[in-house]
Amino acid sequence: MFRPIASIAATTVGEAIRRKVLLIILLIGVLFLVVAPGLGMLSARSETTVLRGMMLGIIQLTSAVIAIVLTVYMIPNEIERRTIYTILSKPVQRWQFLVGKYFGAVSALLMMMTLMTSVLVFTFWLQQRDASAIPDLIKAPVMYFVQMSLLAAVAIFFSTFVSPLVNFFLSGGLYLLGSLFAPFFQTLQESQGTPPAAKVFAQLINTILPNFANYNIQNPIINPGQQIQNEGSYYLQVTVYGVLYIAGLLVAGTIVFDRREV
Amino acid sequence: MSMTSGINRTPLIGAIVGCALGIFVLQNGIGNQPTGKQYESISETLKNGNTRTVKKLKSGVATPAFQGISSSWQRDFNQGTVETQGLSPDQLLFALAGFREMIAGILWVRADSFFDSGNYDAILPIIRLVTVLDPKQIDVYATGMWHIGYNFTDEEQRSDRRYIPSALALGKEGARNNSLTYEMFFETGWMWYHKIDDDYSNAVTWFERAQERPDMIPARRNLITNAYERDGKVDKSLDTLFKLYETAGKKAKEDAAFGNKQNRDTLENKLDTTLVRMVQRGWFAGKDGRPLTGYDVNPPFDTGFSAKVTVTEARVLRFEGTWNVLPVGTRIRAVLRDADFPNAKPAGMEWDFSNDVNLDPPRDKTFMQEQLFVRNQRFNKKVDMSKDPTMYPFTSKDYVIEFYYNPRSAPPHIQDKFSWNGEGFTDKNFLNTQVREGQRVMYTSVKISKDQLLRRGDWREKVPVIKTANYLDKDGKAYNQADQVTIDLPSLRAN
């Protein structure tokens with residue numbers, strides 16, 4: 001049952017690392033990481049704070065673009081190039097095809113993010129000569145990986161029924177919304193001026209939306225000094241949250257993809 | 001060719017429902033989730049000397065059975081609760097980018113050029129944007145608070161006090177978002193102590209919160225003793241001085257750096273002076289229930305306040321009057337405001353009424369506050385509000401003119417007679433013990449109409465003059481002219 005999934009995933013990784021557009025995005029991200037220590041001087045803020053904030057920002061932004069660009073074309077391209085017929089004529093179920101594609105995308109993403117994180121660690125160490133801060137710094141890219149895996153699942157779900165261009169904006173928009181909503185959710189909930197109906201609506205949105213902000217754990221890393229309570233337990237919870245959401249999206253994607261005529 | 005595949009959807013839908021339930025529980029938790037306001041930040045000093053803060057539930061708040069991700073994230077990872085009022089969508093979107101600290105830093109550099117060119121209005125949105133992008137940038141909060149509170153002035157350098165609630169709101173937000181360090185607590189306290197220069201209990205509260213932070217620098221710690229004095233808590237001030245002096249002495253012994261010795265000497269000097277003043281002002285005698293005969297504060301000195309306000313031209317007032325205190329240093333507060341100014345209170349307003357940093361204060365409301373400087377027992381000040389129509393719009397129908405003097409704000413050489421709480425202070429006609437609970441202040445007020453202030457309608461040819469019954473001119477005569485109409489300033493006791 002898992003062999004077809006592994007084969008499709010391996011092929012997908014091969015395709016992904018040969019796609020020039022992804023390599024260019026990755027290269028730009030890596031270049032920015034390398035020059036980041038120099039850009040910190042432009043700001044009036046503490047250089048270490050800016051450096052940490054900027055480097056983590058570069059990894060997050062680059063990974064998000066890669067995750068979306070990588071996944072929005074996966075299913076539509078297979079249909080357009082008619083290669084899907086060759087695959088589905090073999091003993092491969094549609095769900096196996098979808099899951100294989102997803103795992104391939106996530107594996108490619110993992111490779112690219114590992115490369116960027118290595119550059120981050122090396123550049124940070126070169127600039128700061130402080131190895132003690134590195135374990136804390138790495139926590140953020142690890143959580144970003146779960147975040148991007150969730151984003152890839154969102155994009156692959158949409159790719160089963162919308163065109164790549166629409167999917168690009170839909171997934172990107174959902175990512176923005178899922179990242180933006182959480183910081184203002186509390187303000188909305190605690191504000192006495194917010195009508196009760198709006199509070200209920202906000203609670204609903206906060207529950208339904210894939211909450212990408214859960215993985216934005218960089219603030220205590222950029223501005224150290226706060227002790228995080230039950231840190232390990234929090235990371236475990238958000239990972240389980242991500243896995244459940246991804247599973248739900250893949251199952252939903254399978255249902256949609258199964259009904260689709262290709 | 002078309003291909004479809006038939007799978008049994010029921011277990012799949014069941015799996016989706018199961019996932020959704022799991023997601024719901026993980027995200028929202030089980031039981032009542034605490035809100036941000038139900039946490040308090042507790043600072044701890046580690047063995048290596050570093051400090052850190054832990055957010056703990058306030059006492060009495062129940063711990064939920066299972067804390068959801070949403071609540072945990074808000075507690076530990078959210079950069080800070082930011083009031084969103086007044087932010088445009090593009091400003092909100094900026095906060096999404098992963099380069100918040102960088103952009104905030106660059107914007108702050110840009111704001112510096114606006115400071116240099118005197119374009120103060122342009123700085124306000126930058127301050128707001130920078131604090132949203134990077135709520136940990138304390139310099140911006142501190143500078144922004146000072147800028148909003150102090151730098152918006154009229155042509156005669158009078159502060160636009162309509163901005164002060166916003167400055168305080170910014171200070172409170174800064175303290176909330178930077179609870180690990182003392183700075184914003186101190187800055188907010190300073191705004192109460194120095195700018196508002198009244199309601200000293202608020203200054204004490206904020207300074208006390210700043211004292212709780214271990215990183216507070218020694219010289220700033222000392223200021224709380226002055227705040228205690230102005231709040232009428234002289235004994236607390238003395239206790240604190242002794243404690244600070246003891247700490248400073250130990251520190252100077254451990255490390256004989258110049259700064260440490262200087263701080264110890266400063267505290268010693270202050271302690272000596274305070275003790276002498278407490279004796280001379282009869283504080284110890286009063287505490288022991290002994291008569292105050294022979295002490296500087298006895299008998300209370302009658303300041304003999306009198307005043308005359310002439311509307312010389314439209315929006316131009318001349319304040320004249322007497323104050324029998326000979327030494328230089330008295331400043332009497334004069335306020336002209338809308339009769340229905342929101343949150344107004346005698347000779348001021350409820351400054352701390354809002355948590356919103358509103359960079360656009362009520363433009364249709366007028367609030368003028370001036371300090372009348374007394375020299376040779378008289379004051380004489382022209383207040384021209386005609387050049388600043390945005391600060392003094394005069395859109396209301398009725399206004400109030402108020403005079404106020406609080407011995408707690410007096411300089412020490414005058415307090416040597418009046419004492420800290422006005423024990424040696426009185427005014428035959430205008431002593432008031434109501435407007436500031438438990439304090440002896442001078443206060444009086446009168447209503448004046450828009451027509452009178454703008455010299456229009458019936459008042460085009462007549463000069464409105466507001467006068468206390470006891471007002472006498474320099475040559476000692478009651479002043480009356482044919483074209484002037486006198487409005488009496490009320491007093492409980494004046495004839």
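Hi everyone. Let's start with a pair of helices in chain B: H4(B) and H5(B) run roughly antiparallel to each other, and that follows from their angle, since anything over 145 degrees counts as roughly antiparallel. Please keep in mind that this is a predicted model.

So what is the angle at which H4(B) and H5(B) pack? It is about 160 degrees, and the two axes are 9 Å apart. If you want to find them, H4 covers residues 100–117 of chain B and H5 covers residues 120–133. Their crossing is left-handed. On the H4(B) side, the residues that make the contact include Ile103(B), Leu107(B), Trp108(B), Phe114(B) and Phe115(B). Across from them, H5(B) brings residues including Ile123(B), Ile126(B), Val130(B) and Leu133(B). If you sort the residues of this contact by type, you get 14 nonpolar, no polar and two charged.

Now a second pair, this time between two chains. Helix H11 of chain A, residues 231–259, meets helix H1 of chain B, residues 9–28. Their axes come within 9 Å and cross at roughly 155 degrees. By that angle, H11(A) and H1(B) are roughly antiparallel to each other. H11(A) passes H1(B) in a left-handed crossing. Among the residues of H11(A) in this contact are Gln237(A), Tyr241(A), Leu244(A), Tyr245(A) and Val251(A). From H1(B) come residues including Arg9(B), Leu12(B), Ile16(B), Cys19(B) and Leu26(B). Here the split is 15 nonpolar, five polar and one charged.

Let's move to the inside of the model. Which residues touch the most other members of the largest nonpolar core? They are Leu109(A), Ala152(A) and Ala153(A), in a core of 123 residues. The helix that gives the most to this core is H7 of chain A, residues 134–158, with 16 residues. Take a look at Ala153(A): leaving out residues up to four places away in sequence, it touches Tyr102(A), Tyr245(A), Ile246(A), Leu249(A) and Leu250(A). You have met Tyr245(A) already, in the contact of H11(A) with H1(B). Apart from the largest core there is another one, of 35 residues, and Trp323(B), Phe367(B), Val383(B) and Val465(B) are among them.

A few words on chain B as a whole. Chain B has 16 helices and 16 strands. Of its 495 residues, 40% are buried. Looking at contacts in chain B between residues at least 6 apart in sequence, 63% join residues at least 24 apart.

Finally, some loops to visit on your own screen. Is Ser163(A) buried or exposed? Ser163(A) counts as exposed, because it has 12 C-beta neighbours inside 10 Å. You will find Ser163(A) in the loop between H7 and helix H8 of chain A.

Two arginines in chain A have a backbone detail to show you. Arg82(A) is not a glycine, yet its phi is positive, about 60 degrees. Arg82(A) sits in the loop between helix H4 and helix H5 of chain A, and with 10 other C-beta atoms within 10 Å it is exposed. Arg129(A) also has a positive phi, near 55 degrees. Its place is the loop between helix H6 and H7 of chain A, and Arg129(A) is exposed too, with 7 other C-beta atoms within 10 Å.

One last stop, in chain B: the peptide bond from Asn298(B) to Pro299(B) is cis, with omega near 0 degrees. Pro299(B) lies in the loop between helix H14 and strand S3. Thanks for listening!

How values were computed
Residues numbered from 1 in each chain as written. Chains lettered and ligands numbered in written order. Predicted model: local features only at pLDDT ≥ 70, side-chain atom pairs only at ≥ 80, totals over all residues. Axes fitted to C-alpha atoms, helices over the stretch in contact; angles between N-to-C directions. Helix = DSSP H or I, 4+ residues; strand = E, 2+ residues; numbered from the N terminus. Parallel < 35°, antiparallel > 145°, perpendicular 65-115°, else oblique. Left-handed = near helix turned anticlockwise from the far one by under 90°. Contact = placed C-beta atoms within 7 Å. Nonpolar A, V, L, I, M, F, W, Y, C, P; charged D, E, K, R; others polar. Core = buried A, V, L, I, M, F, W, Y, C linked by C-beta atoms within 7 Å. Buried ≥ 20, exposed ≤ 12 C-beta atoms within 10 Å, placed from the backbone.
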